[in-house]
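Good morning, and thank you for joining this group meeting. Please have the sequence and the model open while I take you through the sheets, the helix contacts and one aromatic pair.

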Amino acid sequence: MPDFLLLGTIELRGPGRTAVDPGPPRQRTVLSALLVDAGRWVPAETLIDRVWGEEVPARVRASLYTYVSRIRRALATTAGPLPAGDGILADAPRLRRGRGGYLLDVAPGRVDVHLFQDLVDRARSTGGSDAGRVAPLTEAIGLWRGEPLAGVPGAWAERTRRSWEQRYIEAVLAWADAEARTGNATAVIGRLTGLVAEHPLVEPLTVALMRALHVSGRASESLTRYAALRERLAEELGTDPAAETQRVYQAILRGESVLPATATATATAAPVAVATGRAVPAQLPLEARGFTGRQRELAGLDAVLAPAAEGPAAVSALSGTAGVGKTALAVHWAHRVADRFPDGQLHVNLRGFGPSGTAVTPDEALRGFLEALGVPAQGVPADLQARVGLYRSLLAGRRVLVVLDNACDADQVRPLLPGSPGCFAVVTSRDRLTGLVAAEGAHLHVLDLLTRLEAQDLLVTRLGEDRVAAEPEAVEEIVTRCARLPLALAITTARAAAQPGFPLSAVAGELRASQGSLDAFDGGDLSTDARAVFSWSYQSLSAPSARLFRLLGLHTGPDISVPAAAALAGLEPRRAHGLLAELTRAHLLMEHAPGRYGLHDLLRVYATERLSAEEPAQEREHAVGRLLMWYLHTTDATCPHFTPGRQRFPLNPLPASCRPLDFGSCEQAVTWCESERSNLVAAVHHAAATGRTAIAWRLAASLWGFFYLRSYLHDWLDTAQCALSAARLSHDRAGEARSISDVACALAEMHRYEEAIEHFREAMAINRTLGDTHSLAEAMTNLGYAYRHHGRPDRSVEYCRRALAIYRVHGRDWGREGNLWANLGDSYERLDRFDDAVACLRRALPVLRTEGDRWGEGFALDVLGTVYRRLRQHDVAVENYHRAIRTHAEIGNRFGQAHTLGNLGTAYLENTEEGKARESWRQALDILGDLDHPEAAELRSKLNAITRPRPA
């Protein structure tokens, strides 16, 4: 039995299973909020939100510290002698405080809700065996002691209870299915009867009970259950039983088997890749201030949601012309019902109707959703259907709201729809999505213009009741000339609010004066309809701000930073910052994060129009060139931190007005690359699309180290393949060779070694033709890496030695000899040729230090430690591991730290120093968890294995 009980009243168990007082209700809430994330850091802000919600006291942190101190004292009493085989740690759990918040350092198996989920997962992984599922599911269900988190107050606890109850029901259904299929249906009747009484509208429970009763020879009772369900559904929801329920009913009438042909999805479904925990995304964008009206549409959305709470995943589609307020309505309603989706809210702008024509593909959207749901970047499948399968598997049994904004058509949306009961999707589009209505049963809500009263209410909300009431005629004209279009009204009222001393009649007069030169608001495409309002705001700008606004139409990424905007316009960053602030005040730009700005799709259309009309073609070309070259030079500046010693290609100088960023540490370089990742990927594609091949492949090559360090393998492969296509189209053989090699490196990290080997060989052939011995040797080195990890260290030795020969003859000044000796040593270690490995590594280290290659030095020390560990020279191995860890830390190579800490833990364990091994692995796991690295799962399993007591 676990020692921390949440699936019922909150209980702690000490030595001999004695009860430990968990404290008063608020303290139990703090303890519960930590236990649900046992073994993971919980930020203090998250704890405060879970415990106090919106009623945060003035000295909340002092109160939190008090409860934490009391919990530490309570936890100290849970240590003691332990029975064999129960998986409990011998030492008391620790409640640690750090920069990441608080971490309750307790094995998840000691917490009943985590043990419950582990048992359910174990049942899923048994293959096709019903008998194998029964035992873990029976044990999991036995952990349920009543209402979970009983006595814990607050909205967070209530949301969590509902989520856990849903998981419990799914486990019971899987258990009932397995028991029935193994001939033990009678055993499930009692529990199912109780659950049906608690949840009479959850049809799968009634279906499972009908099956169990029928198999047990109680067909008449089974039919009675169906009749009761049908009557209740008709009375309360006005619907009939689902098709599966009716199928089972008809089978009972005919005396046929009612058992499913295969086990239920709940019991058998397994994700393609394993997520790093049950992440709870909260991606809803900020709600617009002053939302008003739309009561009919809100009621319509609520009406669809009500029956969907217990039934299949439902879809609501909001359709209407651009600027009518579809997104505002969707976001407002999503915030209003977010507490009904305790497992998270996903959101994506699909950019279906945008000026660039670069709509978000289902592939891209799914990648973002999977990462938000806890799947590491390396674990995201490459194939679209595999991504869809993993996405829907992760949503199974969860209550998640999915907001799909600005879709172009039904085909873009379909792969993103959840497939599980309890989930809900809201789609907005200018398209009517009739295909989605016909095939998926989506509920269509067509948005019209605001009513006159709603439009006036919007002005009252934004400008104040007194100001609106003072000038009713001006208000009427503003509403009329804005055609009751929410976007037009919002921009107009923003202008009026910025000038509180202006009479509204002056605002109405400006709209009236512009009417002759602008299209009417009540017809045509919205990019034309909104032009009057955009033009009015645009014309109020200073000339430099107007120019920057136009040039922003050239940027293809999702947002832009101040330095990038400065490069685009050829300005000093400080000057660009002031102009961006002016655009933001004019509501022609949105600062969605500090120093990062984005254009609304319609504003981007308008910026592009003004660009074509007012900016000479030559200046447009120069602006694009400046921006792409700035991205290239700044990315190149990160390379010494990621891949010191790797070949860097000469770059054309930037104009004097453009200044690339510089980075003082690896951490700074990583932070910049993370914030610009989407823009950098877009920049590679933009450079390729505009014929700037040299920029495209050099930029992709410069991103090599960052993508490797952060395991963004799909971005790595995508940009390398884009650069390769561009190089081939322009017959740039040097770019082709480099891009082929980069594609191969990405494939190797994806463990697609055979493809990688083929590409490396192709790169070698081109480099021979070009006479580029440096790149030839580098490709040989990488080919050796691929062979080594493909289980062929003998071939790795062959190519490492060939590359070394080239370097020693042709390029001693290239700065790669030390790296090659280190790689050769690693290959020898895998061949158990330890003397050769030590000789190579001893030769590598002084060369690496001379070359200034700290990354290579850390790697060589790590491999040397492994060699000595395998030679049973424990002290020497530990010494080299510690030197490697220090070297990794000095240059910010966090993955290198984690990798070596893992090896150090292995060395300690082999020397029977379990305490030290546990601490090393915990430190490694902290880093891998922060990096969201797939190796974290394997290390966590190893750590759990040594935290369990051995049998007596």
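Two strands are said to pair if DSSP finds at least two bridges between them. Helices (H or I, at least four residues) and strands (E, at least two) are DSSP runs, numbered from the N terminus. This is a predicted model, in which local features need pLDDT of at least 70 and side-chain atom pairs count only at pLDDT 80 or more, while totals for chains, interfaces and linings use all residues. Residues are numbered from 1 along each chain as its sequence is written, and side-chain values use heavy atoms, with hydrogens and water left out.

Let me begin with a hairpin. Strand β13, residues 590-593, pairs with strand β14, residues 596-598, in the antiparallel sense over three bridges. Within that pairing, Ala593 stands opposite Arg596 of β14. Two residues lie between the strands of this hairpin, and Gly595 takes a positive phi near 80°.

Which strands make up the open sheet that contains this hairpin? There are three, in the order β12-β14-β13, and their pairing is antiparallel. The edge strands are β12 (560-561) and β13, each of which pairs on one side only. β12 and β14 run antiparallel and are joined by two bridges. Here Arg596 of β14 appears again, as the bridge partner of Ser561.

I turn now to a second sheet. Five strands form an open sheet in the order β8-β9-β10-β7-β11, with parallel pairing. β8 (345-349) and β11 (443-446) stand at its edges with a single partner strand each, so one side of each is left without a neighbour in the sheet. From one strand to the next, the twist averages 15°. Inside the sheet, β9 (residues 401-407) and β10 (residues 424-429) pair in the parallel sense over five bridges. One bridge to look for places Val402 with its partner Ala425 in β10. As a general reminder, side chains in a regular strand alternate between the two faces of the sheet.

A helix also lies across this sheet. Axes are lines fitted to C-alpha atoms, for helices over the stretch in contact, and angles run from 0 to 180 degrees between N-to-C directions. On that basis, helix α14 (residues 362-372) lies across β8 and β9 and runs at about 155° to β8.

Next come three helix pairs. Angles under 35 degrees count as roughly parallel, over 145 as roughly antiparallel, 65 to 115 as roughly perpendicular and the rest as oblique. A crossing is left-handed if the near helix is turned anticlockwise from the far one by less than a right angle, and right-handed if clockwise. Contact means heavy atoms within 4.5 Å. For residue classes, Ala, Val, Leu, Ile, Met, Phe, Trp, Tyr, Cys and Pro count as nonpolar, Asp, Glu, Lys and Arg as charged, and the others, Gly among them, as polar.

How do α29 and α30 pack? Helix α29 (residues 617-642) and helix α30 (residues 666-689) meet at an angle of about 140°, with their axes 10 Å apart. They are therefore oblique to each other, and the crossing is left-handed. The residues in contact include Trp630 and Tyr631 of α29, and Trp672 and Cys673 of α30. By class, this contact has 13 nonpolar, six polar and one charged residues.

In the second pair, the axes of α34 (residues 733-749) and α36 (residues 773-789) come within 11 Å and cross at roughly 15°. These helices are therefore roughly parallel to each other, and their crossing is left-handed. Arg738, Ser741, Cys745, Ala748 and Glu749 of α34 meet Ser775, Glu778, Asn782 and Tyr785 of α36. The contact is made up of three nonpolar, three polar and three charged residues.

In the third pair, the axes of α38 (residues 817-830) and α40 (residues 854-870) come within 10 Å and cross at roughly 25°. That makes α38 roughly parallel to α40, and α38 passes α40 in a left-handed crossing. Among the contact residues are Asp826 and Glu829 of α38 and Phe859 and Arg870 of α40. This contact has five nonpolar, three polar and three charged residues.

I close with the aromatic rings. Rings of Phe, Tyr and Trp (its six-membered ring) pair if their centres lie within 6.5 Å; planes under 30 degrees apart count as stacked, over 60 as edge-to-face and the rest as tilted. By this rule there are 18 aromatic pairs. One of them, Tyr226 with Tyr249, is stacked, at 3.8 Å centre to centre and 10° between the planes. Tyr226 lies in helix α9 (residues 219-236) and Tyr249 in helix α10 (residues 243-254), so the pair ties together parts that are 23 residues apart in sequence.
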